[in-house]
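Colleague: I should like to learn how to read helix packing and backbone torsions in a model. May we work through a case together?

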Amino acid sequence: MRKSLHIKLVLIMVLLIVSLMVVVGAFLMNSVTGYYIDEFYSQIIDAFGQDSVDFVRDLQTATDEEEDGAAMVQEVLSLYAGTLGVDRRNRNYYVLDGATGRWLGGSAPEPEGGVAVTPNISAALLGEVGIKSSVTADYMDAAIPITRGGQPYIVYILDNRETARSLNAEMFTLIIEALALGLVISVLLSFLLAKTMVNPLQRLTDGIEKAAGGDFSRKLEVTSADEIGQLTESFNTMAGQLETNIAELERAEQQRKDFVANVSHELRTPLTNIKSYAETLSDGVGGLPPETEQRFLGVILNESDRMAHILQDLLTLSRFDSGRGGLRPSWFPFAGAVDDTYQAILMDAQNHAHTVELSLPDGLPQVRADRERIMQVMMNIVSNAIKYTPDGGCIRISAGQTGDRVWMEVDDNGIGIPEGDRDRIFERFYRVDKARSRQSGGTGLGLSIAQEIMAQHEGRLYLVDKDEPGLTIRMELPIRGPREEAGNEG
Ligand code: ADP
């Protein structure tokens with residue numbers, strides 16, 4: 001990659017320099033030629049124009065005893081050679097016969113084969129001023145017809161353009177030199193450019209290769225704010241996200257394994273109990289006292305109930321996980337649901353000699369939620385309070401409204417939850433005291449189901465900090481219900 005990018009850069013620079021020089025060169029050389037031609041004709045027009053009365057008069061006015069008019073014209077021209085820019089080398093003047101165009105004299109000897117008849121001379125022979133320029137010709141000329149002593153002459157100025165040509169040649173050499181220098185500089189620059197571009201790209205490539213191999217640990221250094229810098233930054237963000245996603249996946253995978261292990265364990269315990277009691281019963285058919293048989297059968301029934309209970313909870317969770325646990329929201333009075341829960345557990349609480357206080361303010365609103373599910377959550381947290389509070393405890397149920405949410409809080413003075421376990425009690429199968437939970441028919445799934453239900457309602461279920469012994473747990477629910485329902489209304 002490094003090589004090809006480098007070669008591309010060199011090529012681009014070379015092409016750029018060459019095309020630039022060609023354009024500039026052509027433009028410059030063309031301008032020089034054009035400038036010379038313009039200069040020449042404006043000089044001639046100035047010399048013969050209305051402002052040069054003296055020159056034209058001197059050319060045209062013959063003296064009385066004049067014999068050779070052509071010689072006199074030549075003399076005047078030689079006097080004004082400077083004005084005409086005649087240097088006798090590249091630019092000369094000639095005096096031609098106005099009728100035939102024959103050479104009569106000039107600043108240079110007659111050219112071999114006579115003066116060539118140019119379009120300008122032809123025009124002058126017809127009595128017109130010949131000052132037309134031709135860009136393609138390798139000369140510039142002007143032919144001005146004059147009359148002196150009744151005799152027609154043509155003042156002919158011829159420039160061989162040598163000055164322009166030599167200047168162009170010099171310029172050409174200069175351009176070639178500049179081109180060579182430009183090429184050297186561009187190659188050097190391309191090295192530098194390639195270094196600044198290729199090095200970060202190479203680092204990026206290394207990083208990507210590492211990431212492809214699963215190593216996301218190294219963050220690439222962003223050394224510039226340009227596109228490459230942005231690319232590096234994007235790569236870092238992507239690598240970070242990938243790393244988080246992979247960690248998340250691994251965590252989920254671990255959770256799944258734990259879950260399967262937990263399920264197997266939870267089901268194995270009652271199954272083992274059922275099996276051993278059933279075996280004992282079958283071994284001692286007829287030999288066991290009827291009350292022992294009755295007790296064993298009771299255990300077997302109890303354990304089967306427990307298994308059914310666990311399976312029921314698992315089924316509920318699995319429905320939630322697969323998105324099939326859709327809600328059926330409807331409007332109902334929140335206070336009514338709290339009161340129903342209170343009534344439902346009252347008997348159980350009294351059996352444990354608990355005092356249950358209900359504080360329900362007036363004017364609690366109707367809420368839009370899945371009443372059955374919400375009741376399930378309420379029942380779960382109140383029964384937990386009864387279960388995990390030693391007999392004769394005090395359980396307080398309160399409810400209220402805060403903004404556009406309603407809440408219910410259950411506070412007990414029971415065994416509470418050790419600090420280290422507080423975060424975990426909403427995990428599936430998590431129980432602080434497995435034996436106590438099992439004894440009271442708990443599966444360790446109740447709170448995770450409850451939290452799932454609250455999340456579906458865009459509400460919350462959480463522990464509230466308290467200093468006294470016991471536990472305070474609070475559920476919160478938006479009055480208007482979840483914004484998007486997972487299931488159908490009904
Ligand atoms: P379980 O079926 O075991 O009651 P939950 O999911 O309802 O399962 O509760 C999880 C665990 O949280 C319980 O096993 C218990 O250890 C603890 N817990 C729940 N509520 C209370 C409470 N009011 N006081 C003390 N511990 C509680």
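Modeller: The discussion below takes up a helix pair and then two backbone torsions. This is a predicted model, in which local features need pLDDT of at least 70, side-chain atom pairs count only at pLDDT 80 or more, and totals for chains, interfaces and linings use all residues. Residues are numbered from 1 along each chain as its sequence is written, and side-chain values use heavy atoms, with hydrogens and water left out.

Colleague: At what angle do helix α2 and helix α3 pack?

Modeller: Two packed helices are described by the angle between their axes and the distance between the axes. Here α2 (residues 53–60) and α3 (residues 69–79) pack at about 160°, with axes 8 Å apart. The pair is therefore roughly antiparallel (an angle over 145 degrees). Helices here are DSSP runs of H or I, at least four residues, and strands are runs of E, at least two, numbered from the N terminus.

Colleague: Which residues make the contact?

Modeller: F55, D58 and L59 of α2 meet V73, V76 and L77 of α3, where contact means heavy atoms within 4.5 Å.

Colleague: Which residues other than glycine have a positive phi?

Modeller: Most residues other than glycine have a negative phi. R161 has a positive phi of about 60° and lies in the loop between β4 (151–159) and α6 (162–212). F429 has a positive phi near 70°, in the loop between β9 (405–412) and α11 (434–439).

Colleague: Is R161 buried or exposed?

Modeller: R161 counts as buried at 7% relative accessibility (buried is under 20% relative accessible area, exposed over 50%, partly exposed in between, with a 1.4 Å probe and protein chains only). F429 is also buried, at 3%.

Conventions. Axes are lines fitted to C-alpha atoms, for helices over the stretch in contact, and angles run from 0 to 180 degrees between N-to-C directions. Angles under 35 degrees count as roughly parallel, over 145 as roughly antiparallel, 65 to 115 as roughly perpendicular and the rest as oblique.
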